[in-house]
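Biologist: Thanks for sitting down with me. Could you show me the model, so that we can talk through a few local details together?

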Amino acid sequence: MKIKSGLILLSFFTLILIACGVQKSNTTEDGWVHLFNGKNLDGWTTKIHHYETGDNHGDTFRAEDGIIKVRYDQYEGDFNDRFGHLYFDTPYSHFHLSMEYRFVGELHPGAPSYTLLNSGVMYHSQDPRTMLKEQDWPISVEMQFLAGIEEGVDRPTGNMCSPGTDIDFQGEQYPGHCLNSTSETLYGDQWVKAELIVYGDSLVQHIINGKKVLEYTKPRVGGDVANRYDPKYKIDGTPLTQGMIALQSEGQPIDFRNIKIKNLKK
């Protein structure tokens with residue numbers, strides 16, 4: 001039984017890095033690879049709660065004006081927990097990810113109140129093809145993006161959240177689901193630069209507008225929050241050494257641009 005479970009996890013968490021899948025034209029001289037071609041979502045796969053993998057319901061994720069937009073104008077009725085993610089098809093283990101985001105528009109009716117001016121990017125995520133139709137969140141770690149709602153009330157961005165995972169913070173297992181960063185509260189629809197530096201299952205650093213705001217270690221399978229997953233993909237304690245990168249949709253319109261990555265694997 002242990003051997004069988006190990007083989008399943010091996011197929012899940014040690015996907016082959018398909019270097020040839022990224023066109024050389026997307027690679028800069030200093031090693032950065034642009035994940036978004038600015039024209040369409042080729043090389044990306046959607047998974048939205050209540051829908052099958054690959055169904056970009058309501059054109060939630062769209063390539064327009066050289067950016068990736070998350071929109072809900074084609075949704076019928078309330079949000080109905082249609083949490084979604086857009087996954088880049090190549091997994092990474094050791095990497096430096098950089099992007100810019102900005103919040104726009106209004107929260108879609110029926111979306112949970114906590115999703116107001118809330119989004120993020122998932123990393124070391126399970127492949128969306130291993131997710132069940134009614135699974136809400138991928139087993140992954142999130143760099144959470146937030147904006148200020150009320151003047152004078154702190155709401156940092158670049159936080160950590162852990163659907164179906166655990167991390168260590170300051171040498172001990174962190175007991176909560178989300179861990180706040182030390183970033184300042186950012187308001188409005190300004191573009192924010194977010195960077196994520198990940199060394200396999202060891203060190204992780206979050207950077208906002210050029211300043212390191214959070215550091216933690218040992219991402220691994222564990223914890224709660226992710227629901228209705230196939231249990232063979234959640235064996236608690238398994239180190240998260242690599243996985244997919246995914247942009248998040250939670251009911252709040254948001255834009256992403258300048259999405260690029262540098263492979264740090266030696």
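Biologist: Which residue in β15 does Thr165 stand opposite?

Modeller: Happy to help, and please keep in mind that this is a predicted model. Strand β10 covers residues 165-169, and it pairs with β15, residues 211-221, in the antiparallel sense over 3 bridges. In β15, the residue opposite Thr165 is Val221.

Biologist: And which residue in β11 stands opposite Asp168?

Modeller: Here we turn to another partner of β10: strand β11, residues 172-173, runs antiparallel to β10 and is joined to it by 2 bridges. The residue of β11 that stands opposite Asp168 is Gln173.

Biologist: Which residue takes a positive phi in the hairpin of β10 and β11?

Modeller: That hairpin has 2 residues between its strands. The positive phi, near 55°, belongs to Gln170.

Biologist: Is His57 buried or exposed?

Modeller: His57 sits in the loop between β2 (44-48) and β3 (61-64). Its relative accessibility is 12%, and the cut-off for burial is under 20%. His57 therefore counts as buried.

Biologist: Lovely. What is the distance of the polar contact that joins the side chains of His57 and Arg82?

Modeller: Leaving out residues up to four places away in sequence, His57 touches Ile48, Tyr51, Tyr75, Glu76 and Arg82. With the side chain of Tyr51, the His57 side chain makes a polar contact of 3.3 Å. For the side chains of His57 and Arg82, the polar contact is 3.0 Å.

Terms used: Residues are numbered from 1 along each chain as its sequence is written. This is a predicted model: local features need pLDDT of at least 70, side-chain atom pairs count only at pLDDT 80 or more; totals for chains, interfaces and linings use all residues. Side-chain values use heavy atoms; hydrogens and water are left out. Helices (H or I, at least four residues) and strands (E, at least two) are DSSP runs, numbered from the N terminus. Buried means under 20% relative accessible area, exposed over 50%, partly exposed in between (1.4 Å probe, protein chains only). A polar contact is a pair of N or O atoms within 3.5 Å; within protein, one must be able to donate a hydrogen and the other to accept it, and residues adjacent in sequence count only if both atoms are side-chain atoms. Contact means heavy atoms within 4.5 Å. Two strands pair if DSSP finds at least two bridges between them.
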